[in-house]
Amino acid sequence: MKKLSELKFSHLSGVIQRALCALATFLVVFALLIAGVTPDQYDIHVGQPASKSIYATKDVEDSVTTQALREAAANAVEPSYKSADMSVNSAVLTAIERTFSALASLRSEYQDANPDNVLQTFNSRSPVTLTRDMLSALLSCDETQLTELSDAAEKAMRDTLNATLPEGQEAAAITRITRDLSAADYPAGLVSIAAEVLRACVKPNMLIDTEITEANREKARAAVEPEMVVKRQIIVGEGQIVTEAQYQMIASLGLLQDDRIDLPLYGGLALTLIALFLAAAFYLEQYDRAVLESAPHLLLLCIIAVLEVGISLLVGEASAYLMPVAMSTI
């Protein structure tokens, strides 16, 4: 019974020794590989010069430049419009006529007043806000001139609407009309009033079809190829001011000094090592059980594995072709 207990303890002790040996080897090899695959990290900031040249460790997309190019392509797409709604015309023209009528009525009431004294009161009752010079021009003009201005502005807007006024083109249409009114020798103050009236009343009669327009813009975005920096290409040179685009590429490669642990990289490496250790254990179990059951032999095998990985990583810094990958089999 005593011999059986000693045998069991000896067997258990041997299992623990082999397990600890395998665990220690796994941790050492894992640490060596992490040190070998983890790239150098840099303390850089946007708008400041880089302390050294930084190269891409793999192909990486310049997401900032790509996004800018895609937005530029989308903005270049002309909007698509719905069919013209001519019922808008009468509403706009009626609003212009009413606004000019309200200004004419207030003009008669304040005609003899000093613009500086009544500007605030006038604007509180006016359908549009006037400046001091605009109010002065309104109060000093005669009724016929104001009527002619009103008719000319209304006619110009009618012609514009009849030719269709797309959404987004309102400001350009008003600029064109006011330029024509100035060319007709109307006083600058009255032309400015007409511009304010038109700006307050104008509405487009062709609205943008947002669904079709956005679909076309999305196609334009998709047609833009991503800007890439290939592996070993320089991202930012030493002393060069770091841009937002360069910073984002360096961050995506995990090269920033304040980056967190790359869990996918470390996890994948650990799983690969576990698979290799299990494969080696299975091989020894099937074809060389004596090595697997001998702690000294297993220890020697683990030391060889650690030396193989360590020397390969050290030599690989000079050239991957010099790595002694077959040394351990010798």
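These are my notes on one helix and one group of aromatic rings.

**Before starting.** I'm working with a predicted model, where local features need pLDDT of at least 70, side-chain atom pairs count only at pLDDT 80 or more, and totals for chains, interfaces and linings use all residues. Residues are numbered from 1 along each chain as its sequence is written, and side-chain values use heavy atoms, leaving out hydrogens and water.

**Helix α9.** I looked up α9, which runs over residues 210–223. (Helices are DSSP runs of H or I with at least four residues, numbered from the N terminus.) I then checked which residues of α9 are buried, meaning under 20% relative accessible area with a 1.4 Å probe and protein chains only (exposed is over 50%, partly exposed in between). They are T213, A220 and R221. Down the axis of α9 they fall within an arc of 100 degrees (taken from the directions from the helix axis to the C-beta atoms), so they line one face. On the other side I found E211, K219, A222 and A223 exposed. The buried residues pack against α2 (63–75), with contact meaning heavy atoms within 4.5 Å.

**Aromatic rings.** Next I looked at rings of Phe, Tyr and Trp (its six-membered ring), which pair if their centres lie within 6.5 Å; planes under 30 degrees apart are stacked, over 60 edge-to-face, the rest tilted. I got four pairs. F26 and F30 are stacked, at 6.0 Å centre to centre and 10 degrees between the planes. Both sit in helix α1, four residues apart. F26 and F277 have centres 5.8 Å apart and planes at 85 degrees, so that pair is edge-to-face. It links helix α1 to helix α11, 251 residues apart. F26, F30 and F277 make one aromatic cluster.

How values were computed:
Helices (H or I, at least four residues) and strands (E, at least two) are DSSP runs, numbered from the N terminus. The expected span of a helix is 1.5 Å times one less than its number of residues.
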